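This report describes how the helices of one protein chain are arranged and which side chains link them. Please keep the sequence and the structure in view while reading.

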Amino acid sequence: MRNQAPPDTGVLPLRPAAALRPAAPPAPAPAPAAPAPREPLWRDLVGDVLRRERLAQERTLKDVADTARISMPYLSEVERGRKEASSEVLAAAARALGLGLGDLLSRAQGELVRVTGRRAPAARSTARAPYDGLCLAA
């Protein structure tokens, strides 16, 4: 018994003849563009400021954590930018270092400007009376 079809049988190829020819070599891929510089995360900036201030005061992590009534491992993770600390935790850590929360956030904002090389947008003039301070909404 023969398993082959007789030569006069019309066999249709599964692929068109053009697809059977070797394709032209692909064009070289364009060189990847340099990635845009990433803006730092706020938690990294705040953590850097906390650690820098603690080290400038030559204080241990345990000392500051005890004064702020924060666990030492948690404060360490905040300093390393691994945790997004609440405003209460940041205020306690800042107070333990002799800073106010505004001081801490102002230093972090200054660090952001330094790292990104951007200036804060110019303040808009309004017809309303000027004000000094933060506006917090509940």
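Which residue follows helix 3, and what is the sign of its phi? Helix 3 is followed by Arg-69, whose phi is positive, near 60°. The model discussed here is a predicted one, and every value given below was computed from it.

## Overall arrangement

The protein chain contains 6 helices and 0 strands, so that its elements, read along the sequence, follow the pattern α-α-α-α-α-α. Of the 138 residues in the protein chain, 22% are buried. Among the contacts in the protein chain with a separation of 6 or more, 60% are accounted for by residues 24 or more positions apart.

## Helix 3 against helix 4

Two packed helices are described by the angle between their axes and the distance between the axes. For helix 3, which spans residues 61-68, and helix 4, which spans residues 72-79, the axes come within 9 Å and cross at roughly 110°. Because angles of 65 to 115 degrees count as roughly perpendicular, helix 3 and helix 4 are described as roughly perpendicular to each other. On the side of helix 3, the contact is made by Leu-61, Lys-62, Val-64 and Ala-65, which meet Met-72, Leu-75, Ser-76 and Glu-79 in helix 4. The residues of this contact divide into 5 nonpolar, 1 polar and 2 charged.

The buried residues of helix 3 are Leu-61, Val-64, Ala-65 and Ala-68. They cover an arc of only 100° around the axis, which puts them on the same side of helix 3. An α-helix has 3.6 residues a turn, so residues three or four places apart point the same way. What covers the buried residues of helix 3 includes helix 2, helix 4 and helix 5.

Ser-76 has its place in helix 4 and belongs to the contact with helix 3. With a relative accessible area of 15%, Ser-76 is buried, since the cut-off for that class is under 20%. When residues up to four places away in sequence are not counted, Ser-76 touches Arg-51 and Leu-61, and Leu-61 is itself one of the buried residues of helix 3.

## Salt bridges

How many salt bridges does the count come to? The count comes to 9 salt bridges, and the table gives three of these pairs with their N to O distances and the relative accessible area of each partner.

| Pair | N to O distance | Relative accessible area |
|---|---|---|
| Glu-84 and Arg-43 | 3.7 Å | Glu-84 53%, Arg-43 30% |
| Asp-66 and Lys-62 | 3.0 Å | Asp-66 47%, Lys-62 48% |
| Lys-83 and Glu-77 | 3.8 Å | Lys-83 35%, Glu-77 26% |

The salt bridge between Glu-84 and Arg-43 links distant parts of the chain, with Glu-84 in the loop between helix 4 and helix 5 (87-96) and Arg-43 in helix 2 (residues 42-56), 41 residues apart. Glu-84 counts as exposed, whereas Arg-43 is partly exposed.

The pair formed by Asp-66 and Lys-62 is local, in that both residues lie in helix 3, 4 residues apart, about one turn of the helix. Asp-66 is partly exposed, and Lys-62 likewise counts as partly exposed; Lys-62 is also among the helix 3 residues that meet helix 4.

Lys-83 and Glu-77 meet through their side chains in a salt bridge, and here Lys-83 is partly exposed, as is Glu-77. Salt bridges that share partners also join Arg-51, Arg-54 and Glu-79 into one network. Two members of this network appear elsewhere in this report: Arg-51 is touched by Ser-76, and Glu-79 takes part in the contact of helix 4 with helix 3.

## Surroundings of Tyr-74

Where is Tyr-74 found, and which residues is it in contact with beyond its neighbours within four places in sequence? Tyr-74 is found in helix 4 and, those neighbours aside, is in contact with Lys-83, Glu-84, Ala-85 and Val-89. The C-alpha atoms of Tyr-74 and Ala-85, 11 residues apart along the chain, are separated by 9.0 Å. Tyr-74 is partly exposed, with a relative accessible area of 26%. Of the residues that Tyr-74 contacts, Lys-83 forms a salt bridge with Glu-77 and Glu-84 forms one with Arg-43.

Methods: Residues numbered from 1 in each chain as written. Predicted model: local features only at pLDDT ≥ 70, side-chain atom pairs only at ≥ 80, totals over all residues. Heavy atoms only, no water. Axes fitted to C-alpha atoms, helices over the stretch in contact; angles between N-to-C directions. Helix = DSSP H or I, 4+ residues; strand = E, 2+ residues; numbered from the N terminus. Parallel < 35°, antiparallel > 145°, perpendicular 65-115°, else oblique. Contact = heavy atoms within 4.5 Å. Nonpolar A, V, L, I, M, F, W, Y, C, P; charged D, E, K, R; others polar. Salt bridge = Lys/Arg side-chain N within 4 Å of Asp/Glu carboxyl O. Buried < 20%, exposed > 50% of the residue type's maximum accessible area, 1.4 Å probe, protein only. Arc of directions from axis to C-beta.
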